[in-house]
Amino acid sequence: MTEVTELVELSADAAGLSRQDRLAQLRRQIASIPSRGDTSFSGPSVSVAGVSVAGVSETSAAASESVADRDRPVVDRAHKAGVLPVPEGIGALLPQGGLVRGTVVSVDGAASLLLGLVASVTASGGHVAVIGQPRLGLLAAYEMGAQLERLALVPAPGPDPVEIAAVLLDGMDLVILGLAGASVSPSRARAVVARARSKGSTLVVTEGHWDGAEVRLDARVHGYGGFGQGRELGRGRLNSLSLAVRARGRSFQPRTTRLDICSAAGRVEWVPSRPVEGVMSKVVSEQVVSSQVVSL
């Protein structure tokens with residue numbers, strides 16, 4: 001297997017090192033990772049003062065090759081320069097059909113949308129870093145077609161996750177940053193946006209406030225499938241999840257659609273429905289909150 005597994009774990013209390021020393025070590029580790037699309041690196045794990053980069057095992061290589069053979073529920077727009085692919089149906093909401101490189105996107109609501117983004121980008125050959133999301137459902141991402149060897153995880157980024165995200169923008173196509181309810185000042189947000197633009201990376205922020213996001217995506221659970229109807233209502237097994245997704249942006253009017261996330265033959269597929277006006281207001285009225293997470 002020639003792909004690199006970038007499993008990054010950054011400890012906030014790394015063995016007596018200052019914050020500046022930890023960041024310097026992380027930068028050196030990022031510099032040692034092959035550039036996007038370079039598959040020439042493969043090797044054993046390396047660990048230095050709280051930062052570890054693990055190589056690909058034979059087991060993970062076999063699993064990755066198995067995933068590569070599966071049909072993936074993505075809009076394959078990798079050939080379009082400057083645009084990252086998104087799950088089937090989401091692209092229709094966005095003017096460029098995907099996430100534009102060098103921009104910041106805010107995502108709120110159901111975590112299934114984040115998992116779909118991870119699966120879409122890694123399945124198309126991109127590299128993704130996820131910061132501050134220790135409960136992210138990797139099994140669900142795998143079932144959506146994610147290539148886990150192209151995924152870097154920083155579950156505990158310490159007191160300054162924004163700085164970690166700024167560093168990882170150097171080597172990743174997509175960086176997902178969990179803010180844990182924090183608000184980023186406009187001046188700092190502008191600095192990070194400038195870095196993302198210069199590096200050609202896309203930053204997705206969630207669970208916090210970020211001024212100046214180019215696109216805002218809001219996903220809400222709209223219903224479940226598999227529980228039967230009529231007298232059988234409430235019986236059966238969950239086999240699908242319906243999401244209402246709304247996109248807003250600076251350059252386009254708000255758009256809303258509904259998608260079904262269905263489990264079939266050992267994988268999870270995104271099935272677009274149709275644009276639905278008023279879906280989001282109905283969901284809010286039913287008090288479906290963003291903490292609902294379903295892993296199919």
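1. Strand β13, which spans residues 240–249, is mostly covered, with 7 of its 10 residues buried. The model under discussion is a predicted one, and the points below should be read with that in mind.

2. Strand β13 has pairing partners that deserve attention in turn. With strand β12 (residues 215–225), β13 pairs in the antiparallel sense, and 10 bridges are found between them. Within this pairing, Y224 stands opposite L241 of β13.

3. Strand β14 (residues 252–264) also pairs with β13, again in the antiparallel sense, over 9 bridges. Here S240 has C262 in β14 as its bridge partner. The connection between β13 and β14 is a hairpin of 2 residues. A student may wish to trace β12, β13 and β14 on the displayed structure, since β13 pairs with β12 and also with β14.

4. Which residues of helix α5 are buried? They are P161, V162, E163, I164, A165, A166, V167 and L168. Because 8 of the 8 residues of this helix (residues 161–168) are buried, α5 is largely enclosed by the rest of the structure. The list includes a glutamate, E163, alongside residues such as V162 and I164.

5. The largest nonpolar core contains 41 residues, and the members that touch the most other members are L99, L174 and V204. Helix α3, residues 112–123, gives the most to this core, contributing 7 residues. Apart from this core lies another, of 26 residues, which includes L26, L177, L179 and V193.

6. What does V204 contact, once its neighbours within four places in sequence are left aside? Its contacts are L99, V105, V107, L114, L117, L174, V175, I176 and L177. Two of these residues, L99 and L174, are named with V204 as the members of the largest core that touch the most others. L177, by contrast, is listed among the members of the 26-residue core, although V204 is in contact with L177.

7. Finally, some values describe the chain as a whole. Its secondary structure comprises 7 helices and 15 strands. Of its 296 residues, 49% are buried. Among contacts with a separation of 6 or more, 67% are between residues 24 or more positions apart. The chain exposes about 13700 Å², and carbon and sulfur atoms supply 50% of that area.

Definitions and conventions. Residues are numbered from 1 along each chain as its sequence is written. This is a predicted model: local features need pLDDT of at least 70, side-chain atom pairs count only at pLDDT 80 or more; totals for chains, interfaces and linings use all residues. Side-chain values use heavy atoms; hydrogens and water are left out. A nonpolar core is a set of buried Ala, Val, Leu, Ile, Met, Phe, Trp, Tyr and Cys residues joined through side-chain atoms within 4.5 Å. Buried means under 20% relative accessible area, exposed over 50%, partly exposed in between (1.4 Å probe, protein chains only). Helices (H or I, at least four residues) and strands (E, at least two) are DSSP runs, numbered from the N terminus. Contact means heavy atoms within 4.5 Å. Two strands pair if DSSP finds at least two bridges between them. Accessible areas come from the Shrake-Rupley method with a 1.4 Å probe; for residues, only the protein chains shown count as cover.
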